[in-house]
Amino acid sequence: MMWWKKARVLGLLALSVIGAGWLGDSAAALFSAIPGLCASRLAFGEFGLALLWFLVSFGLFCSALVLLYRHRSDVIHTSARALPATGYAGHAALIMALSNLRPDQTQLAEGLRSLGIACFRKSAAADPPLLERLPWMQNLRLLCDSLSGRKETLRYVVIIASPESDPQVDLFESIARDALKGLGIESVVFERQEGVAPDANDFDALLLHVERAHTRCLRNMGGRRGRVCIDITSGTKIYTGAATSFAVTRGIPFSYVDNIGRVHYAMARVELPHLLEP
C-alpha cells in the first residue's frame with residue numbers, strides 16, 4: 001500500500017476513534033444538562049454548549065465512517081486463490097453451462113459414451129482426436145473429477161443452457177450417465193435452469209440465472225455454505241464473466257478445465273493488508 005493511502009486510512013481510523021470518544025462524552029454532558037434546563041432558564045447556555053459539542057462529535061464520527069467506507073478498497077482486498085488439487089474437499093452441488101453442439105458434433109458426441117473413465121482423467125494429447133475436442137468433453141472431465149475420491153459427494157447438478165443448447169440437455173445427461181458409470185453418477189440429480197434459457201450474450205440474464213441456480217442448490221443441499229461449486233469453463237465468455245463475478249462476490253469455489261484437460265479449483269478471499277508494512 002502506498003504511503004499516502006496508509007496515512008489516509010490511519011488518519012480516518014484515528015478520527016473515528018476520537019469521534020466515538022467525544023460522542024460518548026458529549027452525549028453524557030447533554031443528558032446531564034437537561035435537568036438543569038428544566039429547573040432554570042439560566043441553564044440554556046450550558047445546554048446549548050452541550051448540544052453543540054454533541055453535534056460536532058456526531059458529525060466528526062459519521063464523516064470518518066463515511067470516508068472509511070468510501071476508501072474501503074484501501075483496506076479490504078478481494079483476491080482469488082487457486083485451491084490445492086489434493087486438499088479440495090469437493091462439493092455436493094455443481095452449476096455448469098452447456099455449450100451448443102452443431103449437428104455433425106451431436107452425432108459424434110454419441111461416441112463419448114464408450115470412452116471410459118480413464119480417458120476423462122488423463123491429460124489431453126497435443127493433437128487429440130475429434131471426439132475429445134468436443135466442448136462436452138470438458139464438462140465430463142469436471143463431473144469425473146467431482147465424483148472421484150472427494151470428501152463431499154456430488155449429488156446435484158444444475159445446467160444453465162443457452163436457447164441453442166437447451167434442447168441438448170437431456171442428451172448430455174444421458175451421455176454423462178453412460179460415460180461415467182461406476183463413479184456413482186446414477187445417484188446424481190440433473191436439472192436445467194429455471195424458466196426460459198437465457199441469452200448467451202446477456203450478462204444480466206446469465207448472472208440472474210446463476211444466482212437462481214445457486215439458491216436452488218442451497219435449498220436442495222440443506223443450505224450449507226461451501227458445498228456449491230460454479231464451473232466457468234463451458235459456455236460463452238460472457239457466461240464466464242457472470243459466473244466468475246458471482247462466485248467471487250459470494251465467496252464460493254469455482255472450477256475451470258484447462259486446455260490439456262486438468263481440473264482446477266479456485267476461491268475468492270477477503271484480505272486485510274498490514275497497514276504498517278513498507
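Is Asp-178 buried, exposed or partly exposed? I begin with that residue. In this predicted model, Asp-178 is partly exposed, because its relative accessible area is 29%, a value between the 20% and 50% cut-offs. I shall return to Asp-178 when I come to the charged side chains.

First, the overall picture. The protein has 278 residues, of which 40% count as buried. Its secondary structure consists of eight helices and seven strands. Among contacts with a separation of 6 or more, 76% join residues 24 or more positions apart. The exposed surface of the protein comes to about 14,900 Å², and 61% of that is supplied by carbon and sulfur atoms.

Let me turn to the interior. In soluble globular proteins, nonpolar side chains tend to be buried together. Here, the largest nonpolar core has 37 residues, and Leu-112, Leu-143, Val-157, Phe-172 and Phe-190 are the members that touch the most others. At least two residues of this core come from each of β2 (93-98), α4 (117-121), α5 (136-146), β3, α6 and β7 (263-271). The greatest contribution is that of α5, with six residues. A second core, of 23 residues, lies apart from this one, and its members include Ala-92, Ala-213, Cys-217 and Val-228.

Val-157 may serve as an example from the largest core. Setting aside residues up to four places away in sequence, Val-157 touches Leu-94, Met-96, Leu-143, Val-188, Val-189, Phe-190 and Glu-191. Please keep Glu-191 in mind, as this residue also appears in a salt bridge.

Next, the cysteines. How many disulfides does a search of the whole structure find? The search finds zero. Cys-119 is in no disulfide, and the nearest cysteine sulfur, that of Cys-144, is 9.8 Å away. Cys-119 has a relative accessible area of 8% and is therefore buried. Cys-217, which I named in the second core, is likewise buried, with a relative accessible area of 0%.

Now to the charged side chains. Side chains of opposite charge can pair when their charged atoms come close. The count in this model is twelve salt bridges. One of them joins Asp-178 to Arg-113, with an N to O distance of 2.4 Å. Asp-178 lies in helix α6 and Arg-113 in the loop between α3 and α4, so this pair ties together parts that are 65 residues apart in sequence. Arg-113 is partly exposed, at 22% relative accessible area.

Asp-178 also has a salt bridge with Lys-181, where the closest N and O atoms are 4.0 Å apart. Lys-181 is exposed, because its relative accessible area is 52%, against a cut-off of over 50%. Together with Glu-110, the residues Arg-113, Asp-178 and Lys-181 are linked in a network of salt bridges.

A further salt bridge is formed by Arg-216 and Glu-191, with 2.0 Å between the closest N and O atoms. This pair also links distant parts of the chain: Arg-216 is in helix α7 (residues 203-220) and Glu-191 in strand β4 (residues 189-192), 25 residues apart. Which of the two is buried, and which is partly exposed? Arg-216 counts as buried, at 8% relative accessibility, whereas Glu-191 is partly exposed, at 28%.

Two polar residues deserve a brief word. Ser-162 is placed in the loop between β3 (156-161) and α6 (169-179). With a relative accessibility of 11%, Ser-162 counts as buried. Leaving out neighbours within four places in sequence, the contacts of Ser-162 are Leu-98, Ala-197, Pro-198 and Ala-200. From Ser-162 to Gly-235 the C-alpha to C-alpha distance is 8.2 Å, although 73 residues separate them in sequence.

Gln-105 belongs to helix α3 (residues 103-109). Its relative accessible area is 13%, so Gln-105 is buried. Beyond residues up to four places away in sequence, Gln-105 touches Asn-100, Leu-134 and Pro-135.

Finally, I come to the surface. Which residues form a nonpolar patch there? They are Ile-18, Trp-22 and Trp-53, which together have about 290 Å² of accessible area. Trp-22 sits in helix α1 (residues 3-39) and is partly exposed, with a relative accessible area of 41%.

How values were computed: Residues numbered from 1 in each chain as written. Predicted model: local features only at pLDDT ≥ 70, side-chain atom pairs only at ≥ 80, totals over all residues. Heavy atoms only, no water. Helix = DSSP H or I, 4+ residues; strand = E, 2+ residues; numbered from the N terminus. Buried < 20%, exposed > 50% of the residue type's maximum accessible area, 1.4 Å probe, protein only. Contact = heavy atoms within 4.5 Å. Areas by Shrake-Rupley, 256 points an atom, 1.4 Å probe, with all protein chains shown as cover. Patch = residues over 30% accessible without salt bridge, like charges linked within 9 Å, V, L, I, M, F, W, Y side chains within 5 Å. Salt bridge = Lys/Arg side-chain N within 4 Å of Asp/Glu carboxyl O. Core = buried A, V, L, I, M, F, W, Y, C linked by side-chain atoms within 4.5 Å. Disulfide = S-S within 2.5 Å.
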